Amino acid sequence: MLHTASNPKVFQQIHIDVVRNATDDFNLFHDAEYWRRIRNNPFKGPIALGFQLESMIEHEFVRYRQGTNENELIDEYNLRFSNYQFSFVNAVKPGQAVDIDIKKPQFNPDGDGILSHRVSVKADGLLALVGYKKESSVPLFLNNPESAQFDDLNRYQDRSFLTPSGFFLKRKFMNVSNAKNFLCGSLADQRLYFDDLTDTAIFPEIFPCSLISCALLEKAKMESLDFENEPMVYTTHKISIDRKVLSAISSNAVLNILVRRVDDFDKTAQPADAESVQTYECYGLVEGGLILFRGLIGLTSLDNILKSIGA
C-alpha cells in the first residue's frame, strides 16, 4: 500500500513566517528579505524550514493512520518512541506544489519489532526530503546518554554552557499558542490536536523538536558565526520522541534543550564528504529530568552545498 497525500500542499511566505515566529527561528534563509544578504545564496528566495516539512509529514501520518490498524499495533507492542530519520536533498520554496508519499509499512513483531515507513517529499516534482518514520519500543538514536550530564539544569541560566559536558542550554516553554501556530504554518489541521470545545490538547511530536533550531542558532550567534557569509544548512535529522513523556506535558511546561557538537561521532551514515558535515547531539528534557526527545542533527556549510552542485 502506498499512501500519497490527496492534494499537493503549497506553502506561502506567511506559513514560513508563522512557523519562524512560533519557534523563534531567525535563520536568514527563511526571511522574506534577509535571504538576499546570504552570500551566493543559490535558492534565490526564502525557503521552508526543515522542521516545518517534518511537521507536515507527522500530520500526514495522523491522517493516514485514521484508516489503518497501526495505532492499535503501536499500543499493543508499546511502540512509545516515534523516530524520524530524514536527509534533506533540495529546498522547498513558497508557491511550489509539495507531494508526500508514504510507502507500505514494514513490521515484524518477532524481529526488530519496529514499525517502519519510507517517506519522500517532492516539490514541483523534484525530490526534497527522503527517509523513514519508525515506531519502536526504545529510542533508535542516542539510546544510552550519561544521565549525569543533565544533572540539576535549574542552576544554569538560559543560553549558558554546562560544565564539564560542554552542552549549550536553551530554555523554552511548551506554549499552546505557539504549537497551534506551528501546526497552521505546517499546513496541518490544528483541531486534531487542540480544540477548546472538546477539551482536546495534544502537543504534536515535532513541535518541541523544532525548537532545536533556535538553540543551535543562539549557540552559533554566541560563537560569532557569520550568518551572511558562512551560513549552515541541515543535511540530516535523526530524532527519537518519547510519546509517553509528550502526552503528560501541560501548557507552559519548561523544556530544557541541550545541544553540542560531537566531532568523533560515527560518520558512516553521512555523505561521502562526511568530514564537511557537523553533527550535533541534542536533547529535550522536561520536569524531573525526563528526556522528551533526543536527536543527531547534521549541518554543513552553504559553501559545501555549492561545491556539491558545481556552483
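A residue is called buried here when its relative accessible area is under 20%, and that cut-off is what the opening stop of this tour through a predicted model relies on.

Begin by selecting strand β14, residues 291-301. With 11 of its 11 residues buried, β14 is largely enclosed by the rest of the structure. Keep β14 highlighted and add β11, which pairs with β14 in the antiparallel sense over 9 bridges; to find the register, pick isoleucine 241, whose bridge partner in β14 is phenylalanine 293. Then add β13, which is also antiparallel to β14 and is joined to it over 8 bridges, and look for cysteine 282, which stands opposite glycine 295 in β14. β13 and β14 form a hairpin with 5 residues between the strands, and in that hairpin glycine 288 takes a positive phi near 85 degrees.

Next, turn to the largest pocket, which has a volume of about 970 Å³. Select Phe29, Ile47, Met232, Val233 and Tyr234, which are the closest to its centre of the 42 residues that line it. Among the elements that give two or more residues to this lining are β11 (232-242) and β13 (278-285), together with α2 (50-65), β6 (126-136) and α8 (302-308). Colour α6 separately, since α6 gives the most to the lining of the largest pocket, with 5 residues. If you colour the lining of the largest pocket by residue class, you will find 29 nonpolar, 9 polar and 4 charged residues.

Move on to the second largest pocket, with a volume of about 630 Å³. Of its 25 lining residues, those closest to the centre are Val62, Asn71, Ile202, Glu205 and Arg243, so select these five to place yourself inside the second largest pocket. Helices α2, α3 (70-76) and α7 (243-247) each supply at least two residues of this lining, and its residues divide into 13 nonpolar, 4 polar and 8 charged.

Finish at another set of paired strands. Select strand β4, residues 97-102, and strand β2, residues 9-10, which run antiparallel and are joined by 2 bridges; here lysine 9 stands opposite valine 98 in β4. Then extend the selection to strand β5, residues 115-123, which pairs with β4 in the antiparallel sense over 5 bridges, and look for aspartate 99, which stands opposite lysine 122 in β5. With β2, β4 and β5 shown together, β4 can be seen to pair with β2 and with β5.

Notes
Residues are numbered from 1 along each chain as its sequence is written. This is a predicted model: local features need pLDDT of at least 70, side-chain atom pairs count only at pLDDT 80 or more; totals for chains, interfaces and linings use all residues. Side-chain values use heavy atoms; hydrogens and water are left out. Two strands pair if DSSP finds at least two bridges between them. Helices (H or I, at least four residues) and strands (E, at least two) are DSSP runs, numbered from the N terminus. On a 1 Å grid over the protein atoms alone, a cavity is a set of points where a 1.4 Å probe fits but cannot get out, and a pocket is an open set with protein on both sides within 12 Å along at least five of seven lines; lining residues have an atom within 4 Å of a point. Grid points are joined across faces, edges and corners, and a volume is the space filled by probe spheres set on the points. Ala, Val, Leu, Ile, Met, Phe, Trp, Tyr, Cys and Pro count as nonpolar, Asp, Glu, Lys and Arg as charged, and the others, Gly among them, as polar. Buried means under 20% relative accessible area, exposed over 50%, partly exposed in between (1.4 Å probe, protein chains only).
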